Amino acid sequence: MTRDGAEPPVLLSVERGVARVTLNRPERLNALSVELHQRLRSILDDIEARGDVRVMLLTGSGRAFCAGQDLAERDVESDAPLDLGANIETFYNPLVRRLVALPFPLVCAVNGVAAGAGANIALLADIVIARESASFVQSFARIGLMPDSGGTWTLPHLVGQPRAMALAMTGDPIGARQAAEWGMIWKAAADADFDAEVEALVARLAAAPTAALVAIRGAVRGAWSRSLDAQLDHERDEQRRLGRSRDYREGVSAFKAKRAPRFTGA
Ligand code: T3D
C-alpha cells in the first residue's frame, strides 16, 4: 500500500534471486501512467542495486499484461499542445534501453492481453512465455500512431517484415499460440499450467550462471547488427571473459564430479 492507502501501480517482491515485478493497475489493464513509469523506474534502480537478483520476472495483475500508454492521460479534447515525443524520450526509450541491458535475464510472463507499448515491452524480454489465452496487439494504428518502444525494430527481426508490417498496419490481435508458431515469443503455455511453468522457468534461471546468460543475450542481440566475422571475434572475447569466471570453474568441476552445479552468478 502507498501512504494514502492506494495500491502501488507496480509491485515488487524479491525471493531466492527472483525479482517479481507486477504491473498493478488491473482496472486499467495495467496501462502505463506517469506514476507507473516512475514507480517502475525506482524498482529497476532498486533491483539493479541490491546485488542478489539473478532474474527479473515481469507480469501483470488481473486479466491483462499491459494495455500500453494510459490514454486517460492524453487530453485530446482541448487545444492544449501534445508532444508525445517528449513522453517517449522521458519514459519509454529509457525503459526500453534499460530492460535490454539488465545485468540479469528478463522473463516476461504475459498473463493476458498485451497492447501497444505493453506488447512491445513484453517482446523485449529475453524469454517471453504467454498464457494460451493471451494476445498481442499492435494497437497503435487504431489510434493514429505507429509502434514505439522498439516495436518497429523488434517485430521485423522476430517475425519478418511481411508479418510485422501487417500486424502493425491492421492492429489485429495475434493469439499467444500463433505468436509462438511465428517465433514472436518462446512459448504459449496452457492457462492451467502457466503459473507453474513460469515459476519453474524463473527458478531455473535464478540458479543459472548469470554472467553467461547476460553474455548470451548480448551475443544474440548483437548478431542482428554484426557480420559473421565480427560475431566470431565477439564470441572469442566473451568466451575468454567467461572462462575466467567462478561459474565456469564450478560448471566444469560439477560435470567432472557428476553432480549438479551450484552457480553463484559470479
Ligand atoms: O502517448 C504517448 O506517450 C505515446 C506513447 C504511446 C505508447 C502506446 O502504448 S500507444 C497505444 C495505447 N494503447 C492502446 O491503444 C490500447 C487501448 N486498449 C485497447 O485497445 C483494449 O482495451 C485492449 C485491446 C487492450 C483490451 O480490450 P478489451 O475489450 O479486453 O478491454 P476494454 O473493455 O477495452 O478495456 C477495459 C478497461 O480498461 C476499459 O475501461 P472501462 O470502460 O472498464 O472503465 C478501458 O477504457 C480501459 N483501458 C484499456 N486500455 C487502456 C485503458 N484505459 C486507459 N488506457 C489504456 N491504454
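**Exercise 1. Identify which ligand atom a backbone N or O atom of L71 approaches, then describe the surroundings of the ligand.**

Step 1. A backbone N or O atom of L71 lies 2.9 Å from a nitrogen atom of the ligand. This is a polar contact, that is, a pair of N or O atoms within 3.5 Å; within protein, one must be able to donate a hydrogen and the other to accept it, and residues adjacent in sequence count only if both atoms are side-chain atoms.

Step 2. A117 also uses a backbone N or O atom, placed 2.9 Å from an oxygen atom of the ligand. From R28 it is a polar side-chain atom that lies 3.0 Å from an oxygen atom of the ligand.

Step 3. The ligand taken alone exposes 1,100 Å², and the protein buries 68% of that (accessible areas by the Shrake-Rupley method with a 1.4 Å probe).

Step 4. The shell holds 22 residues, with R63, Q69, R74, N87 and A117 the closest; a residue belongs to it if one of its heavy atoms lies within 4 Å of the ligand.

Step 5. By class, the shell has 10 nonpolar, 5 polar and 7 charged residues. Ala, Val, Leu, Ile, Met, Phe, Trp, Tyr, Cys and Pro count as nonpolar, Asp, Glu, Lys and Arg as charged, and the others, Gly among them, as polar.

Step 6. Helix α2 (residues 84-99) gives the largest share of the shell, 3 residues. Helices (H or I, at least four residues) and strands (E, at least two) are DSSP runs, numbered from the N terminus.

The model is predicted: local features need pLDDT of at least 70, side-chain atom pairs count only at pLDDT 80 or more, and totals for chains, interfaces and linings use all residues. Residues are numbered from 1 along each chain as its sequence is written, and side-chain values use heavy atoms, with hydrogens and water left out.

**Exercise 2. Give the strand order of the open sheet of 6 strands and trace its parallel pairs.**

Step 1. The order is β1-β2-β3-β5-β7-β10, with mixed pairing. Two strands pair if DSSP finds at least two bridges between them.

Step 2. β1 (10-15) and β10 (187-189) are the edge strands; each has a single partner strand, so one side of each has no neighbour in the sheet.

Step 3. Strand β3 (residues 55-60) runs parallel to strand β5 (residues 106-110), joined by 3 bridges. Here L58 stands opposite C108.

Step 4. β5 pairs with strand β7 (residues 127-131) in the parallel sense over 4 bridges, and V110 stands opposite A130.

Step 5. β7 and β10 are parallel, with 3 bridges; R131 stands opposite A189 in β10.

**Exercise 3. Find the edges of the open sheet of 4 strands.**

Step 1. The strands follow the order β4-β6-β8-β9, and the pairing is mixed.

Step 2. The edges are β4 (64-66) and β9 (173-175): each has a single partner strand, so one of its sides lacks a neighbour in the sheet.

Step 3. β4 runs parallel to strand β6 (residues 113-115) through 2 bridges. The bridge partner of A64 in β6 is V113.

**Exercise 4. Classify the pair formed by the rings of W153 and W224.**

Step 1. Rings of Phe, Tyr and Trp (its six-membered ring) pair if their centres lie within 6.5 Å; planes under 30 degrees apart count as stacked, over 60 as edge-to-face and the rest as tilted. This rule gives 1 aromatic pair.

Step 2. The centres of the W153 and W224 rings are 4.9 Å apart and the planes stand at 50°, so the pair is tilted.

Step 3. W153 is in helix α4 (residues 151-159), and W224 is in the loop between α8 (210-223) and α9 (228-242). The pair links distant parts of the chain, 71 residues apart.
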